[in-house]
Each structure stands twice: as structure tokens, then as C-alpha cells.
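Student: Could you take me through one part of this structure slowly, and then show me how the rest of the chain fits around that part? I would like to follow the reasoning step by step.

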Amino acid sequence: PPVVIKLLEGSQGIGVVLAETMSSAKSVIEAFRGANVNILVQEFIKEAGGTDIRALVVGGKVVAAMKRTGAPDDFRSNLHRGGSAQIVKITPEERSTAVRAAKHMGLNVCGVDMLRSNHGPVIMEVNSSPGLEGIENATGKDVAGLIIEFIEKNSRPGKTKTRGKG
């Protein structure tokens, strides 16, 4: 502890709990298991300070990145939970991490959520259906247009890829 316990089916920060002690972690895990839901337990990265990085990967390239900061007194940085976002310059290591995550997941379009830890970027989540409004507002980029351009360039009859398979 502390650890972050997440519902795998959750979104927008719903079903995400910070368990600060071993006993609280056990209680939360027991409660979720009793509800027969799938969960994930993650290391809590204190040095991230309630911020994360969302890198939007399209066709093997990071096309936009934003830093999300949680609402006061909330360790979650979700915009739907009152967090804020701003454009951010990511490091080459963060860029490489996001691109590799997308490739490993077989996704041409995804949002890769990372934390800046003392031991480099740590992936929290790879989102196959990322919302675009927050990152477009934060960066001023037409991310939807970039996705459409990628599809136009890469779709041909009989050549559409599904999760990395030809």
C-alpha cells in the first residue's frame, strides 16, 4: 500500500479507489470480489502528484498529448471528475512508451495514460475508445480529423486491420 484498485469495466474515474493501508486494500478487494466484478490493482505513484499524461496515438505516432490534473483533494485526474487539462511536451521516452503500448495492444488509435514516476513513465491504461473533446480542447488539434486521414490513407478493400490481424 498504498495501491489503486480499479474496476476493469469502469470509465471516467468511476470505480477507482485509493487504498492507503493493507487492511483497506483487503476490504475493497473483498467487496469488489463479492460483487463478482473484474478488478485491477496498481501501484500508487505518489510523485505523480495527481497528474497524468494522455498521449493520443494514431497509426503508430503520438499526434497529441495533454497533462491532466485532478480536482483538489482527488488523486484521479479524470476531466469528468472536475480535473483540468493542458497541452504538454512529452519526453522521447514517454512518446516511445505510448507508441509501444499501442503496438502491443494491436491498436491503430488509442489513448495511452501514463504517470511520470521516479523510474520513468508508467502506463496506467491503454484506452481503445478515447474521448477526443478533452484532448482537442487542451491541444487545439483536430484529432478526429487526423484519425479520419489515417483511415483514408490506410483503408483498402480487403486490407482493413482488426486488432493487429490482417
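Tutor: Before we start, one term has to be clear: two residues are in contact when heavy atoms of theirs lie within 4.5 Å. Please also keep in mind that this is a predicted model.

Let us take helix α1 as our part. Helix α1 runs over residues 22-34, which makes 13 residues, and from its first C-alpha to its last it reaches 18 Å, close to the 18 Å expected at 1.5 Å a residue. Within α1, the residues Ala25, Val28 and Phe32 are buried. These three cover an arc of only 70 degrees around the axis, which puts them on the same side of α1. The general reason behind such a pattern is that an α-helix has 3.6 residues a turn, so residues three or four places apart point the same way. On the face turned away from the buried side, α1 carries the exposed residues Ser23, Lys26, Glu30, Ala31, Arg33 and Gly34. As for what the buried residues of α1 pack against, the partners are the strands β1 (3-7), β2 (16-19) and β3 (39-43).

Moving past the end of the helix, we come to asparagine 36, which sits in the loop between α1 and β3. Its phi is near 55 degrees, a positive value in a residue other than glycine. Asparagine 36 is also exposed, with a relative accessible area of 72%.

With the helix in mind, we can step back to the whole chain. The secondary structure comes to four helices and eight strands, and from the N terminus on the elements run β-β-α-β-β-β-β-α-β-β-α-α. Of the 166 residues in the protein chain, 36% are buried. Among the contacts with a separation of 6 or more, 54% are between residues 24 or more positions apart. The start of the chain has a detail of its own, for the peptide bond from proline 1 to proline 2 is cis, with omega near -5 degrees, and proline 2 belongs to the segment before β1.

Next, consider the nonpolar interior. The largest nonpolar core has 14 residues, and those that touch the most other members are Val57, Val62, Ile90, Ala98, Cys110, Val112 and Met114. The elements giving two or more residues to this core are β4 (51-58), β5, α2 (92-105) and β7 (109-117). Alanine 98 gives us a close view: leaving aside its neighbours within four places in sequence, alanine 98 is in contact with Ala55, Val57, Val62, Val112 and Met114. There is also a second, separate core of 10 residues, which includes Val58, Val63, Ala64 and Ile147.

Finally, we should look at a charged residue, arginine 68, which lies in strand β5 (residues 61-69). Arginine 68 is buried, with a relative accessible area of 7%, and we can ask which side chains its own side chain meets there. One of them is the side chain of aspartate 52, with which the side chain of arginine 68 makes a polar contact of 2.8 Å. Another polar contact, of 3.1 Å, joins the side chains of arginine 68 and aspartate 113.

Terms used
Residues are numbered from 1 along each chain as its sequence is written. This is a predicted model: local features need pLDDT of at least 70, side-chain atom pairs count only at pLDDT 80 or more; totals for chains, interfaces and linings use all residues. Side-chain values use heavy atoms; hydrogens and water are left out. The expected span of a helix is 1.5 Å times one less than its number of residues. Buried means under 20% relative accessible area, exposed over 50%, partly exposed in between (1.4 Å probe, protein chains only). The arc is that of the directions from the helix axis to the C-beta atoms. A polar contact is a pair of N or O atoms within 3.5 Å; within protein, one must be able to donate a hydrogen and the other to accept it, and residues adjacent in sequence count only if both atoms are side-chain atoms. A nonpolar core is a set of buried Ala, Val, Leu, Ile, Met, Phe, Trp, Tyr and Cys residues joined through side-chain atoms within 4.5 Å.
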